[in-house]
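Got the viewer open? Here's a short tour, one selection at a time.

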Amino acid sequence: RYTLMLLLTLNAVSIVAMQFIVPAMPSLVSEFATTPAMVQLTLTLFMLGYAVFQIAYGPLSDRFGRKGLLLWATAVFVFGSFLGAVAPNIEVLILARVLQSVGAAAGFVLPPAVARDVYGHAGAPRAIGWISISAGIAAVISPYIGGLVHETAGWRWGMGLNGALGIAILMACWLFLTESHPTALRRAVGVAGLARGYAALARSQ
């Protein structure tokens with residue numbers, strides 16, 4: 001039960017991080033004296049990093065385990081969040097958002113992997129269903145919460161709040177999450193093997 005609650009939180013925060021800054025984007029143009037296109041990169045490059053690292057985390061977690069990779073990714077997320085909170089210009093904010101995306105992608109990919117490890121083939125679909133529900137709810141409410149934080153305290157506080165949530169998750173994972181992918185089941189990661197796996201997936205009806 002507690003493992004599932006932690007997985008739900010991990011997944012939800014990864015979605016929140018993407019959407020949280022969206023309500024503040026119009027004001028960033030004037031604050032940083034930049035163009036709307038540059039501000040748009042704070043979302044576009046986040047989504048790009050989020051997508052690319054989703055592909056990487058699955059095979060990496062098969063090779064190195066779930067917990068260590070999750071801790072590493074969450075630490076990157078925390079660093080990116082606090083870097084964004086103190087960003088002096090739009091370029092640093094874009095970099096911070098990319099770092100956020102690198103960490104957040106693990107929160108999307110690894111919870112279902114842990115759920116399969118912990119709950120097995122019988123219980124995993126139900127657990128992954130709850131994880132998907134949490135992602136949907138987070139996607140709906142995060143722009144509203146982000147807008148509220150932006151209006152009352154400013155977008156920098158929103159980035160800091162993401163960092164604080166990341167620290168809480170980092171500590172919870174460190175203390176309470178057990179490695180679910182034992183060393184005996186780990187296998188090497190290769191680009192060729194990964195390509196064959198995606199090719200087989202593409203052919204599967």
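Before you click anything: a residue is called buried here when its relative accessible area is under 20%. Keep in mind, too, that you're looking at a predicted model.

Start by selecting Arg 66. Its relative accessible area is 6%, so Arg 66 counts as buried. Now add Asp 62, which is buried as well; its side chain meets that of Arg 66 in a salt bridge, 2.9 Å from N to O. Next, bring in Asp 117, whose salt bridge with Arg 66 has an N to O distance of 2.7 Å. This pair links distant parts of the chain, with Arg 66 in helix 4 (residues 66–85) and Asp 117 in helix 5 (residues 90–152), 51 residues apart. Asp 117 is partly exposed, at 27%. Through shared partners, Asp 62, Arg 66 and Asp 117 form one network of salt bridges.

Stay with Arg 66 and show Ser 61, in helix 3. Ser 61 is buried at 1%, and its contacts beyond four places in sequence are Arg 66, Leu 69, Leu 110 and His 181.

The structure has three salt bridges, so which one is left to see? Pick Glu 31 and Arg 156, whose side chains meet at 3.5 Å, N to O. Glu 31 sits in helix 2 and Arg 156 in helix 6, so this pair ties together parts 125 residues apart in sequence.

Last stop: colour helix 1 (residues 2–19) and helix 3 (residues 36–64), which pack at about 150° with axes 9 Å apart. That makes the two roughly antiparallel. Where they meet, look for Ile 15 and Met 18 from helix 1, and Leu 43 and Phe 46 from helix 3, among others. By class, this contact has seven nonpolar residues, one polar and no charged ones.

Conventions:
Residues are numbered from 1 along each chain as its sequence is written. This is a predicted model: local features need pLDDT of at least 70, side-chain atom pairs count only at pLDDT 80 or more; totals for chains, interfaces and linings use all residues. Side-chain values use heavy atoms; hydrogens and water are left out. Axes are lines fitted to C-alpha atoms, for helices over the stretch in contact, and angles run from 0 to 180 degrees between N-to-C directions. Helices (H or I, at least four residues) and strands (E, at least two) are DSSP runs, numbered from the N terminus. Angles under 35 degrees count as roughly parallel, over 145 as roughly antiparallel, 65 to 115 as roughly perpendicular and the rest as oblique. Contact means heavy atoms within 4.5 Å. Ala, Val, Leu, Ile, Met, Phe, Trp, Tyr, Cys and Pro count as nonpolar, Asp, Glu, Lys and Arg as charged, and the others, Gly among them, as polar. Buried means under 20% relative accessible area, exposed over 50%, partly exposed in between (1.4 Å probe, protein chains only). A salt bridge is a side-chain nitrogen of Lys or Arg within 4 Å of a carboxyl oxygen of Asp or Glu.
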